[in-house]
Amino acid sequence: MKKGKIVGLEGSFAVSEAVRMANADVIAAYPITPQTHIVERLSEMVADGELDAEFICVESEHTAMSACVGASAAGARVFTCTAGQGLELMHEVLYIPSSMRLPVVAVIANRALSAPLTVWCDHSDMMAIRDIGWIQTLAENNQQAFDLTLCAYRIAEDREVLFPAMVHIDGFYLSHVIEDMTLPEDEEVAGFIPEYEHPFTLDPDKPVSMGCYGPPFIYPETKKAQEVAFENTIPKILETWKEFGDLFGRYYAPVEKYRMEDAKIALLTMGSCSETAMLAIDELRAKGEDVGLIRLRLWRPFPFKEFREAVKDVEVLVVLDRCVSFGMGGPVCSEVKSALYDQRKKPNVVGFIGGLGGRDILVEEFEYLIRSALEKVKAIERGEEIKMEMIGIRE
Amino acid sequence: MEKEEGDLFVPRLVTTEEIFAPGHRACIGCGEALAVRLVCKALGKNVIIVTATGCIEIISSLIPQTSWCVPWIHTLFENVAAVMSGIESAYKARVRKGKIPQAKEVKFVGFGGDGATTDIGLQALSGAMERGHDFLYCCFDNEAYMNTGIQRSSSTPYGAWTTTAPVGKKSIGQATWKKNMPEIAVAHAIPYVATACPSYPFDLMDKVKKGVEMEGPAYVHIFSPCPTGWRYPTNLTIEMGRLAVETGVFPLYEVVNGEYRLSFDFPELKPVSEYMKEQRRFRHLTEDIIEKIQARVEKEYLKLREKAGVK
């Protein structure tokens, strides 16, 4: 097992190191808070010759993703990163690499969407892109930001995958905070990510036409093919994470559990607030409560099997969404309920919304969620209708 | 135009191979398809072509068939230059890193209609030109969003009927003057800008060859008469192109490192009415509007002659 060295790095710098070690060929990115440190660090690396890549200073995020598509189609290993409004601006383009099976790798420094203008963290940018067909994973700390970015290249470019992959890192909480982490040596990483070789590239020696016109007589078949292939990426994701763990000692799973052994009540979180939630779980456990925490590491393809297995003995599942889907509630909660609906044995699910626009979620608020959820479960059993609560609002 | 010695032999220098394969779904008399065919012959096969959503893309790439005998990619409407920037950078990086042999020398070419170029794709094109990528961009200008049904673009000429600037009790059709896209390209200080027309095939092919061979960004604006959208008889496409040039409506010129050169000079321009009279999109125009157009065309043409140093 490789050792590496302990360093203190911002999430942005950790991601940049991963891109450098992956030896990306083309980087096309547009600066936007809170991702700016990634593009700046990568520009520095290229300027100093630490990374041999073409850094395209594109004039917008739409162009950033389009350039990545072109470069990937031409056989290059690519990278881009964005946040919030930038992710929205490239929305149209996001469907292209997934439909065209191009392994673009992107890191999102999750940022809340305007209006009003905000640069701080929530998951509204992530939730707006659930359907794009990218492999999506979440980091909770800078170590994971680094590890998952490396793994993203390995997974995306695998001949049996060939789908774009995204790593979500909470804006500011991870991008701008220095944490200690283990950084492997360059040589330790070499060999983990093989050379990128797409079977069909833009090459005059073997001409192909890409992005053709598909009327109704053929479009559904292309989508069926895409969905089947996309669902079949899960074994490769698991295989890659296993190999990564064997090499570097850190193992990742689609759904990760914290103190779930005999938990009757489980909290479900995504992103950096999960580590705060762990403190709450510790405090409640110390008081004798059977509570645990599960986090989604893999968001797309949705890990149905692993998720259902993780909650099979849970009586109450408390979901915290860091986004509001107006008129519907919390998107993650909706998906969780949908994933459980057909199960004969399933927990009561109570959802909350919190942490919008960068509002910190405190340890005591996690404890409140659990207490409140238990009250709400009783109310539902009495036949009352429960509305999804948005916590921490100053009324 | 005087016939010069050797004119008869020039066609024999053009490849007979159809790099833009026949069998595509273009309208009868499509000036754009003709232009694309000629451009492809001039480019040869060591190219990668990026195309925008538009007439050319949909007529040539209906799954499972393709007209493209060279590597070709289409993604969206407004990002030809952006995708191109990525492809060009990919090759640059991979050649430098020893993954592709230098000798491969692939050329990168973008095709966009006037919609994709002067309107929705202008940002991407401006960015790519400013960054100095090594590519040739060809705008196939049929003066409206033809693929979606003849809606106006900023390239639609003054007074023309389109479905979104239609002629009516309160409208003469297009109420603004055609955006001067070649001048916008010139303003980016790129090495080569040219205008061309398939009615002058050898001039067009020469310009394409020049543009693609020059290092850095090159822009060729190609007049593409459209019988369907301009409403003229389908057999008059070549004629329309010639009249546009001979009336000064679409002058042919090059700008090589900032220096203007007229490709053909017509000290006595034919009246614009000769060009416009066969096209139903102009049929509603009154004398005074035609005079307005005539005056403007003459003014612009004189300006151009001045820039080209022609007395």
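This report covers the domains, chain contact, helix packing and unusual backbone geometry of a predicted two-chain model.

**Domains of chain A**

Chain A splits into domain 1, residues 5-248, and domain 2, residues 257-390. Their C-alpha centres are 28 Å apart. Domain 1 of chain A gives 27 residues to the contact, and domain 2 of chain A gives 20 residues. On the domain 1 side, five elements of chain A each supply at least two residues: α6 (124-127), β6 (135-138), β7 (165-170), α9 (219-231) and α10 (234-248). The largest share comes from β6(A), with 4 residues. By class, the side of domain 1 of chain A that touches domain 2 of chain A has 13 nonpolar, 9 polar and 5 charged residues.

**Chain B as a whole**

Chain B contains 11 helices and 10 strands. Its radius of gyration is 19 Å, close to the 19 Å that the globule rule gives for 311 residues, so chain B is as compact as a globular protein of that length. Along the principal axes, the C-alpha atoms of chain B fill a box of roughly 65 × 45 × 40 Å.

**Contact between the chains**

Chain A puts 38 residues into the contact, and chain B puts in 39 residues. Two or more residues on the chain A side come from each of β2 (26-28), β3 (54-56), α3, α5 (91-99) and β9 (209-210) of chain A. Helix α3(A) makes the largest share, 9 residues. The side of chain A that touches chain B divides into 23 nonpolar, 9 polar and 6 charged residues.

Helix α3(A) also packs on a helix of the partner chain. It spans residues 61-73 of chain A, and it meets α3(B), residues 80-96 of chain B. The angle is about 45°, and the axes are 6 Å apart. With angles of 35 to 65 degrees counted as oblique, α3(A) is therefore oblique to α3(B). The crossing is right-handed.

Which residues of α3(A) and α3(B) meet? From α3(A) come A:T63, A:S66, A:A67, A:C68, A:V69, A:G70, A:A71 and A:A73. From α3(B) come B:A82, B:V83, B:M84, B:S85, B:G86, B:I87, B:S89 and B:A90. The contact of α3(A) with α3(B) has 10 nonpolar and 6 polar residues, and no charged residues.

**Helix pairs within chain A**

Helix α1(A), residues 11-21, packs against α2(A), residues 36-47. The angle between them is about 40°, so the two helices are oblique to each other. Their axes lie 8 Å apart. The crossing of α1(A) past α2(A) is right-handed. On α1(A), the residues in contact are A:S12, A:F13, A:V15, A:S16, A:V19 and A:R20. They meet A:H37, A:I38, A:R41, A:L42 and A:M45 of α2(A). By class, this contact has 6 nonpolar, 3 polar and 2 charged residues.

A second pair joins α11(A), residues 273-286, and α14(A), residues 363-381. Their axes come within 8 Å and cross at roughly 65°. This crossing is right-handed. Helix α11(A) contributes A:T276, A:A277, A:L279, A:A280, A:E283 and A:L284. Helix α14(A) contributes A:V363, A:F366, A:E367 and A:I370. The contact of α11(A) with α14(A) divides into 7 nonpolar, 1 polar and 2 charged residues.

The helix pairs described above are set out here.

| Helix pair | Angle | Axis separation |
|---|---|---|
| α1(A) and α2(A) | about 40° | 8 Å |
| α3(A) and α3(B) | about 45° | 6 Å |
| α11(A) and α14(A) | roughly 65° | within 8 Å |

**Backbone geometry**

Most residues other than glycine have a negative phi, and most peptide bonds are trans. Three sites in chain A depart from this pattern.

The peptide bond from A:A115 to A:P116 is cis, with omega near -5°. A:P116 sits in the loop between β5 (105-110) and α6 of chain A. The bond from A:R300 to A:P301 is also cis, with omega near -5°. A:P301 is in the loop between β13 (298-300) and α12 (304-310) of chain A.

Where does A:L162 lie? It is in the loop between α7 (142-157) and β7 of chain A. Phi of A:L162 is near 50°, a positive value in a residue other than glycine.

Key: Residues numbered from 1 in each chain as written. Chains lettered and ligands numbered in written order. Predicted model: local features only at pLDDT ≥ 70, side-chain atom pairs only at ≥ 80, totals over all residues. Axes fitted to C-alpha atoms, helices over the stretch in contact; angles between N-to-C directions. Parallel < 35°, antiparallel > 145°, perpendicular 65-115°, else oblique. Left-handed = near helix turned anticlockwise from the far one by under 90°. Contact = placed C-beta atoms within 7 Å. Nonpolar A, V, L, I, M, F, W, Y, C, P; charged D, E, K, R; others polar. Domains from an automatic or database assignment. Rg over C-alpha atoms; globule rule 2.2 N^0.38 Å.
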